[in-house]
Structure formats: C-alpha cells, structure tokens
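User: I am new to reading protein models and would like a close look at a single part of this one. Could you take the salt bridges and go through them slowly, with the setting they sit in?

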Amino acid sequence: MTQKAPSPKVIEAMFCMQAGRFDEAERHCRTALASEPANLEALQVLAAASVRQARNAEAVGVLETAVRHRPDNADCRFMLGSVLRSLGRRAEAMEQYTQALAINPDLAEAHNNMGVLRHDRGELEPAISCYREALARNPGHIEARRNLAAALRSLSRIEEALDEFETLLTYQPGNAYAALMVMHSKRELCRWQDFYAMAERVCEIAATQPGKFSPLLLLAWPVPPELLLAAARAYAATFNAPCLPPQLSAMPRAADRKLRIGYFSADFRDKKVV
C-alpha cells in the first residue's frame, strides 16, 4: 500500500522543527489538525514541538489522541512511552513500550528504554536482557552499550563490563567516558602492565574533554590539581539548575547558631559494606 504523503502544513511544521522554531511548527500542526483531526504526522510533530517547549504533559494528551486513532502504530506508542517516562509515570511508560514492541520488535530504542526503567528499579538481570535485545537490533546503539556496561558493573561483572566499554569505543572512539571506564576497569582487574601509559591518557582526556564525564573518575589517577579543578567546573556547568534555590542558598545564619551540613551522594542507597 502506498503511504500517503504528509500534508503541506505538516511539511512546513517539519522544516520549522529543524530550524528550532517550535512555536511555528505547533501552529502549522494545529492548522492541519483543524481540517484533519486524525492526521498522524501532524499529531506526532505537534507532540514533539510541545516536548521541545517543555510542555510534556500536553504532549501526552496529543500522543494519546494519536494512539486512539492508530493503536497499531509502534512509533506513536514509543513516543508516548518516552514522554510518560520523562514525567515519572514509569508503569504507564513500560506499558506503552511493551505495546510498541509487540507491534515492532525491532525498535532498539524501546528495548533500551525498557531496560532503563528496569535498571532504575534495581532489576539488573532483566535490564541486561533488554539492553542485549537493543544491541541485537542495533549493535552501534551507544546508550544501550553504555547502559549494559553499567548494569554489568553493578553486578560486579567487571570483565564483561570492560568488554562492553571496549566495544563501545570501536563505535565511538572519542567517547571520553568509555575510555576512562576501560582504564578504570583494568585497574580493578589488576591489569597494571600499561599503567603509566593509561595515567598519561587520563591526563590527556582531563585536559581536552572536561565536562564529558564525572570528575570523580579522575581521583584514582595522578592527575594535576589544576586539571581536577577544571574538570569539576566543566562538569558542574553541564547542570542547568543550582543545587539550592537562591532564596535558600542566601539565607542568613545567626552567629551563635550551629552550622548544618547536608551530604549528597549518588550511592547512599548502596547497602554493600566495603
């Protein structure tokens, strides 16, 4: 069956999306939908425009309309699942990914995203299975490869994780995080043969790609303090919001009041005793 070409208004909306004019794209989509409410392409582009304007809740409504019109469309269900996931509605997101994969089992991105949802719940073995499914469909899927390596590390399967990081580098040789994790994993496996060459490489990455990785990965290596500071500042700059609202960070404290200190960590939940 010949696929129907997108309407002129949808084509205009697509060009606006590429140019970053998301509000214009939205207007073109709404014009198309006024005469054709079930126009699938218009609904998809409208949802994408809403997401790019940080209106994810609106995008959910648009995509739910698209799914009602075309319940057999895997792409719509995948998009809906991804927006639901961004809103923290994980069970609903999982259901949409499941439905999308029932329609099209080759959606590598849906397999990866299901893996992330399971990974977040601590279901590491099911997550690993999802990542492997994604990579079976697309061996060059960088995020799935990285997620798989991270899940394997969480299970202390360092040798397998090292293999995945090394494979990731064959697809993306300039990936600073993967390169650092290869060397970090070799240290954990007591592979010291190339220690000095690795240490030199770590310093090179710190100097040339700051902000591309957590600066904590540098602490086990003989990295000069000025590079550590630059890497920490570059990484902090990748976060948009401050840790505390301005009104809290600027709150005055009485001179005789005890100083309260809050501790932040990514792994307080880790109950392993080291």
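Analyst: What follows sets out the whole chain briefly and then turns to its charged pairs, with a short look at the aromatic rings beside them.

Please keep in mind that this is a predicted model, in which the mean pLDDT is 89 and 89% of the residues score at least 70. Confidence is highest in helix 8 (residues 124–137), at 98, and lowest in helix 14, at a mean of 52. The protein has 14 helices and zero strands, and 37% of its 274 residues count as buried. Among contacts between residues at least 6 apart in sequence, 45% join residues at least 24 apart.

Now to the charged pairs. Side chains of opposite charge can pair when their charged atoms come close. In this model the count of salt bridges comes to 19, and three of them can be taken in turn.

One salt bridge is formed by the side chains of Glu26 and Arg30, with 3.3 Å from N to O. Both residues belong to helix 2 (residues 22–35), where they are four residues apart, about one turn of the helix. How exposed or buried is each partner, Glu26 and Arg30? Glu26 has a relative accessible area of 12%, and because buried means under 20%, Glu26 is buried. Arg30, at 42% relative accessibility, counts as partly exposed.

Another salt bridge brings together the side chains of Glu123 and Arg121, at 3.1 Å from N to O. Here Glu123 is partly exposed, with a relative accessible area of 29%, and Arg121 is partly exposed as well, with 47%.

The pair of Arg191 and Glu159 has its closest N and O atoms 2.3 Å apart. This pair links distant parts of the chain, since Arg191 is in the loop between helix 11 and helix 12 (195–208) while Glu159 is in helix 10, and the two are 32 residues apart. Arg191 counts as partly exposed at 30% relative accessibility, and Glu159 is partly exposed too, with a relative accessible area of 38%. Beyond such pairs, Glu125, Arg132, Arg145, Arg157, Glu160 and Glu164 are joined into one network by salt bridges that share partners.

For the setting, the aromatic rings are worth a look. The structure holds six aromatic pairs. In one of them, the rings of Phe165 and Tyr177 have centres 5.8 Å apart and planes at 75°, so the pair is edge-to-face. Phe165 lies in helix 10 (residues 158–171) and Tyr177 in helix 11 (residues 176–188), so this pair ties together parts that are 12 residues apart in sequence. Both Phe165 and Tyr177 are buried. In another pair, the ring centres of Trp192 and Phe195 lie 6.4 Å apart with planes at 55°, so that pair is tilted. Trp192 is partly exposed, with a relative accessible area of 44%, and one aromatic cluster is formed by Trp192, Phe195, Tyr196 and Trp221.

To come back to your request, the charged pairs described here include one within helix 2, made by Glu26 and Arg30, and one that links distant parts of the chain, made by Arg191 and Glu159.

Note on methods:
Residues are numbered from 1 along each chain as its sequence is written. This is a predicted model: local features need pLDDT of at least 70, side-chain atom pairs count only at pLDDT 80 or more; totals for chains, interfaces and linings use all residues. Side-chain values use heavy atoms; hydrogens and water are left out. Buried means under 20% relative accessible area, exposed over 50%, partly exposed in between (1.4 Å probe, protein chains only). Contact means heavy atoms within 4.5 Å. pLDDT is the predictor's confidence in each residue, from 0 to 100. Rings of Phe, Tyr and Trp (its six-membered ring) pair if their centres lie within 6.5 Å; planes under 30 degrees apart count as stacked, over 60 as edge-to-face and the rest as tilted. A salt bridge is a side-chain nitrogen of Lys or Arg within 4 Å of a carboxyl oxygen of Asp or Glu.
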